[in-house]
Amino acid sequence: MGHDIHYFNEVDSTNEVAKYLAEEGAEDGTVVVAEIQNKGKGRRGKTWISPPGGIWMSVILRPEIPPHRASQLTLVTGVVVAKTIKEELNIDVGIKWPNDILIGKKKVCGILTEVNATLDKVNYLVVGIGIDMNVDVPMLPSDLQKGATSLKNELNTEINGALLVQRFLQNFENIYNDFKDGKFPEILDEWRAMSSTIGTSVEVRTRGKRVQGYAVGINKEGILIIEMEDGSLRKMISGECLHLNK
Ligand code: BTN
């Protein structure tokens with residue numbers, strides 16, 4: 001992982017660069033990093049504000065899996081980021097399903113996975129990771145400030161980005177190899193242990209639908225299980241999750 005790192009001062013989006021490189025045949029584990037993104041992409045078509053000081057990075061993955069397993073790599077990446085921040089900086093982080101890394105209730109990292117697949121197999125995935133590392137939260141647009149934090153803001157000191165990225169790539173390599181060796185259940189155990197979603201009331205929004213209930217767990221495929229008010233269970237593969245204060 002990261003044996004082939006493409007570093008840029010400025011790009012539109014590292015995910016877009018990574019997709020281009022993947023189409024050109026870039027190998028499993030190729031990494032794209034940029035100082036600044038001009039058109040950083042968030043989930044659901046949102047813009048991802050990417051000033052200097054953040055870690056804006058995309059990883060090309062070519063696991064041999066069917067398309068329905070692609071979303072598992074988002075959970076795997078969440079474990080890698082959460083673990084890296086915990087180990088390197090000793091900050092207690094939580095994972096909000098499916099892919100936000102939180103400190104307290106505030107978001108410090110988002111993950112955007114894009115998949116290129118045929119009906120029966122994944123050709124490649126681009127997993128984009130945006131970590132607000134040395135970003136000054138007051139410099140972010142005002143509507144984002146309330147829900148966002150940065151590692152620098154939490155620790156009141158500048159973080160060494162090179163060390164953090166190095167540790168991240170090392171953890172990614174180990175955990176991704178475990179994934180390829182069939183150890184997704186064990187990775188999910190780590191995900192569960194760091195989850196701030198399981199055991200809370202949630203509202204999950206998927207394409208116009210809203211499901212409210214209690215997040216009881218995540219099953220062995222990585223699907224979130226929600227208990228509805230009438231006691232029935234709903235399975236959520238993807239969506240946007242709000243933690244409700246109930
Ligand atoms: C989210 O909405 O939470 C996902 C944000 C993902 C942002 C990262 S930054 C690096 C990569 N390149 C992009 O354009 N987006 C992802």
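This tour moves through a predicted model, from its two domains to the boundary between them, then to the ligand and a few local details.

**The two domains**

Begin by colouring residues 5-194 as domain 1 and residues 201-243 as domain 2, which is how the protein is divided. If you place a marker at the centre of each domain, taken over C-alpha atoms, the two markers are 23 Å apart.

**The boundary between them**

Next, select the residues of each domain that touch the other: 14 residues of domain 1 are in contact with 14 residues of domain 2. Together the two domains bury about 1,200 Å² between them, and 57% of that area is on carbon and sulfur atoms. Which three residues should be shown as sticks on the domain 1 side, as those that supply more of its buried area than any other three? They are Arg-44, Lys-96 and Trp-97, which supply 51% of the area that domain 1 buries against domain 2.

Keep the boundary in view and turn to its polar pairs, where 5 residue pairs are in polar contact between domain 1 and domain 2, counting those with both residues at pLDDT 80 or more. On the side of domain 1 that touches domain 2, the elements that give two or more residues are α2 (72-89) and α6 (184-194), and α6 gives the largest share, with 4 residues. Colouring that side by residue class divides it into 7 nonpolar, 2 polar and 5 charged residues.

Now look for oppositely charged side chains across the interface of the two domains, where 1 salt bridge is found. Select Lys-46 and Glu-240 as well, whose side chains meet in a salt bridge with an N to O distance of 3.3 Å.

**Two backbone details**

Return to Arg-44, one of the three residues already shown as sticks, and centre the view on its backbone. Arg-44 is found in the loop between β2 (31-37) and β3 (55-61), and it has a positive phi of about 55° although it is not a glycine.

From there, move to Trp-97, another of those three residues, and follow the chain into Pro-98. The peptide bond that joins Trp-97 and Pro-98 is cis, with omega at about -5°, and Pro-98 itself lies in the loop between β4 (94-96) and β5 (100-103).

**Around the ligand**

Select the ligand and the 19 residues around it, of which Ser-13, Gln-37, Lys-41, Arg-43 and Lys-107 come nearest. Which atoms of Lys-41 and Arg-43 should be labelled here? For Lys-41, a backbone N or O atom lies 2.7 Å from an oxygen atom of the ligand; for Arg-43, a polar backbone atom is 2.7 Å from an oxygen atom of the ligand. Thr-14 offers a side-chain atom instead, a polar one that lies 3.0 Å from a nitrogen atom of the ligand.

**A last stop in helix α1**

Finally, select helix α1 (residues 14-23) and show Glu-16 and Lys-19, which both lie in this helix, 3 residues apart, or about one turn. These two residues form a salt bridge in which the closest N and O atoms are 3.2 Å apart. A search of the whole structure finds 19 salt bridges, which can be displayed together to end the tour.

Conventions
Residues are numbered from 1 along each chain as its sequence is written. This is a predicted model: local features need pLDDT of at least 70, side-chain atom pairs count only at pLDDT 80 or more; totals for chains, interfaces and linings use all residues. Side-chain values use heavy atoms; hydrogens and water are left out. Domain bounds come from an automatic or database domain assignment. Contact means heavy atoms within 4.5 Å. Buried area is the accessible area (1.4 Å probe) that two parts lose on being put together, summed over both. A salt bridge is a side-chain nitrogen of Lys or Arg within 4 Å of a carboxyl oxygen of Asp or Glu. A polar contact is a pair of N or O atoms within 3.5 Å; within protein, one must be able to donate a hydrogen and the other to accept it, and residues adjacent in sequence count only if both atoms are side-chain atoms. Ala, Val, Leu, Ile, Met, Phe, Trp, Tyr, Cys and Pro count as nonpolar, Asp, Glu, Lys and Arg as charged, and the others, Gly among them, as polar. A residue is near a molecule or strand if one of its heavy atoms lies within 4 Å of it.
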